[in-house]
Amino acid sequence: MKKSNLLILMFAMTLASCGEQQMPDNMRSLATGYEMYSVHCENCHGAEGEGLARLIPPLKNSDFIKKYPDSIAGIIRHGQKGEILVNGIKYNLAMPSNSVLTDDELSQLVNYVKIRFGSVKQ
Ligand code: HEC
């Protein structure tokens with residue numbers, strides 16, 4: 001894990017455990033993103049965003065996310081199926097839609113995914 005990722009992770013975990021009081025908005029947002037990722041994404045995409053063999057694509061350094069950063073929210077909300085190419089490998093399984101996340105949680109999760117998995121410069 002890159003040092004910066006590790007720092008973000010530790011930071012988010014600390015924030016998640018210290019509750020709501022006096023937490024600046026952007027930090028609370030990262031903490032929520034971390035929490036949402038653990039609950040809704042980690043099972044499939046892995047704790048490190050590494051994906052699973054040729055079945056589930058990685059989020060870590062995903063060129064798909066770099067190419068289509070604006071599609072992430074829609075993919076999470078509506079799911080994704082059909083063949084896609086991620087880092088030169090073809091995947092073709094269905095990702096289920098998620099209607100449980102609120103709009104706020106969704107946007108915080110998207111930010112978190114972009115920052116955590118290195119697809120956006122910090
Ligand atoms: C049940 C397993 C499963 C869960 C849960 C899941 N995904 Fe996926 N995800 C997939 C699969 C499978 C694909 C590839 C779909 C295809 O082949 O078209 C995918 C594709 C993606 C992609 C586009 C490809 C890439 O790797 O860049 C993104 C981004 C993504 N998922 C993010 C998420 C996020 C964020 C969550 C949490 C809300 C999540 N996924 C939850 C299985 C899952």
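Among contacts in the protein chain between residues at least 6 apart in sequence, what percentage join residues at least 24 apart? The figure is 53%. Keep in mind that you're looking at a predicted model. The protein chain has 122 residues, and 37% of them count as buried. Let's walk through it, starting with the overall layout and then turning to the iron, the aromatics, the cores and a few single residues.

**The layout**

- The protein chain holds six helices and two strands.
- If you trace the elements from the N terminus on, the order is α-α-α-α-α-β-β-α.

**The iron site**

- Two residues of the chain coordinate the ligand's iron atom: His45 does so through NE2 and Met95 through SD, at 2.0 to 2.1 Å.
- Those two come from distant parts of the chain, 50 residues apart. His45 belongs to helix 3 (residues 42–45), while Met95 is in the loop between strand 2 (89–91) and helix 6 (103–116).
- The iron atom has six donor atoms, the angles among them run from 87 to 179 degrees, and the site is octahedral.
- For comparison, the ideal angles for six octahedral donors are 90 or 180 degrees.
- His45 has 11% relative accessibility, so it counts as buried. Met95 is at 30%, so this one counts as partly exposed.

**The aromatic residues**

- There are four aromatic pairs in the structure.
- Take Tyr37 and Phe117: their ring centres are 5.4 Å apart and their planes meet at 55 degrees, which makes the pair tilted.
- This pair also ties together distant parts of the chain, with the two positions 80 residues apart in sequence: Tyr37 is in helix 2 (residues 25–40), and Phe117 is in the segment after helix 6.
- Both partners are tucked away from the surface: Tyr37 is buried because its relative accessible area is 2%, and Phe117 is buried at 3%.
- Tyr37 and Phe117 also belong to one aromatic cluster together with Tyr34 and Tyr112.

**The nonpolar cores**

- Here's some background: in soluble globular proteins, nonpolar side chains tend to be buried together.
- The largest nonpolar core in this model has 19 residues. Which of them touch the most other members? They are Tyr37, Ile76, Leu101, Leu109, Tyr112 and Val113.
- Helix 1 (3–17), helix 2, helix 5 (72–78) and helix 6 each give two or more residues to this core. Helix 6 supplies the largest share, with five residues.
- Apart from this core lies another one of five residues, including Phe64, Ile84, Val86 and Tyr91.
- Leu109 is a good residue to click on: leaving out residues up to four places away in sequence, Leu109 touches Gly33, Met36, Tyr37, Cys41, Ile76 and Leu101.

**Two buried residues with polar contacts**

- Is Arg116 buried or exposed? Arg116 is buried, because its relative accessible area is 3%.
- Arg116 sits in helix 6, and a polar atom of its side chain lies 3.2 Å from the backbone oxygen of Ala47.
- Ser62 is buried too, because its relative accessible area is 1%. You'll find Ser62 in the loop between helix 3 and helix 4 (63–67).
- The Ser62 side chain reaches the backbone nitrogen of Phe64 at 3.1 Å. Phe64 is one of the residues in the five-residue core.

**Two partly exposed residues**

- Ser97 is in the loop between strand 2 and helix 6, and Met95 lies in that loop as well.
- With a relative accessible area of 47%, Ser97 is partly exposed.
- Ser97 and Gly79 are 18 residues apart in sequence, yet their C-alpha atoms are 3.8 Å apart in space.
- Setting aside neighbours within four places in sequence, Ser97 is in contact with Ile76, Arg77, His78 and Gly79.
- Met13, in helix 1, is also partly exposed, with a relative accessible area of 41%.
- How far apart in space are Met13 and Thr32, C-alpha to C-alpha? They are 9.7 Å apart, with 19 residues separating them in sequence.

Conventions
Residues are numbered from 1 along each chain as its sequence is written. This is a predicted model: local features need pLDDT of at least 70, side-chain atom pairs count only at pLDDT 80 or more; totals for chains, interfaces and linings use all residues. Side-chain values use heavy atoms; hydrogens and water are left out. Donors are N, O and S atoms within 2.8 Å of the metal (3.2 Å for Na, K and Ca); water is not among the atoms, so sites may look incomplete. Four donors count as tetrahedral if all angles lie between 85 and 135 degrees; four count as square planar and six as octahedral if opposite donors are over 155 degrees apart and all others between 65 and 115; anything else is irregular. Helices (H or I, at least four residues) and strands (E, at least two) are DSSP runs, numbered from the N terminus. Buried means under 20% relative accessible area, exposed over 50%, partly exposed in between (1.4 Å probe, protein chains only). A polar contact is a pair of N or O atoms within 3.5 Å; within protein, one must be able to donate a hydrogen and the other to accept it, and residues adjacent in sequence count only if both atoms are side-chain atoms. Rings of Phe, Tyr and Trp (its six-membered ring) pair if their centres lie within 6.5 Å; planes under 30 degrees apart count as stacked, over 60 as edge-to-face and the rest as tilted. A nonpolar core is a set of buried Ala, Val, Leu, Ile, Met, Phe, Trp, Tyr and Cys residues joined through side-chain atoms within 4.5 Å. Contact means heavy atoms within 4.5 Å.
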